[in-house]
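Here is a short tour of one model, residue by residue. Have the sequence and the 3D view at hand as you read.

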Amino acid sequence: MELCAQYGIPHSQFTGAGEGRWSTLDRAKALAWLAYARAVCASCGTRAGEWDETNGGDRFAYIPETTRCPGCELIEMERDQVPEGPEGRGVKIGLRPRKDT
């Protein structure tokens, strides 16, 4: 459904069963996907229901795990070089493959 939402196509067309029209089932799936996606926390990626023990969730459904992204590390290191104040306004830092240099 995520791909269908991205391209704005009905699920039945994606699966090859439809002709491009939005059926009642396609609309129901799209609305269910939207509700699911909106329920996901933008920060941690979980849903409140997963933690709510009164609704079948588990207070300890997840454990924290620390990871390091080398790309994010490089961006943060470069960010330290951006000047404070007006000279640093609007500076954006991204990554590109080394072979493109």
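Let us begin with Ser 12, which sits in helix α2, residues 11-14. Helices here are DSSP runs of H or I with at least four residues, strands are E runs of at least two, and both are numbered from the N terminus. The model is a predicted one: local features need pLDDT of at least 70, side-chain atom pairs count only at pLDDT 80 or more, and totals for chains, interfaces and linings use all residues. Residues are numbered from 1 along each chain as its sequence is written, and side-chain values use heavy atoms, with hydrogens and water left out.

Is Ser 12 buried or exposed? Ser 12 counts as buried, at 16% relative accessibility (buried is under 20% relative accessible area, exposed over 50%, partly exposed in between, with a 1.4 Å probe and protein chains only). Beyond its neighbours within four places in sequence, Ser 12 is in contact (heavy atoms within 4.5 Å) with Ala 17, Gly 18, Arg 21 and Asp 26.

Helix α2 also holds Phe 14, which is partly exposed at 46% relative accessibility.

Moving along the chain, Arg 59 lies in the loop between α4 (48-51) and α5 (70-79). Arg 59 is partly exposed, at 49% relative accessible area. Leaving out neighbours within four places in sequence, its contacts are Trp 51 and Glu 53. Arg 59 and Gly 49 are 10 residues apart in sequence, and their C-alpha atoms are 9.8 Å apart.

Now for the charged pairs. How many salt bridges does the structure hold? There are 3, each a side-chain nitrogen of Lys or Arg within 4 Å of a carboxyl oxygen of Asp or Glu.

| Salt bridge | Closest N to O |
|---|---|
| Glu 50 and Arg 47 | 3.6 Å |
| Arg 68 and Glu 73 | 3.7 Å |
| Glu 76 and Arg 79 | 3.5 Å |

Glu 76 and Arg 79 are about one helical turn apart, because they are 3 residues apart in helix α5. Glu 76 is partly exposed at 44%, and Arg 79 is partly exposed at 43%. Arg 68 is exposed, at 66%, while its partner Glu 73 is partly exposed at 34%.

Finally, the cysteines. A search of the whole structure finds 0 disulfides, a disulfide being a pair of cysteine sulfur atoms within 2.5 Å. Cys 72 is in no disulfide, and its nearest cysteine sulfur, that of Cys 69, is 3.7 Å away. Cys 72 is partly exposed at 47%, whereas Cys 4 is buried at 2%.
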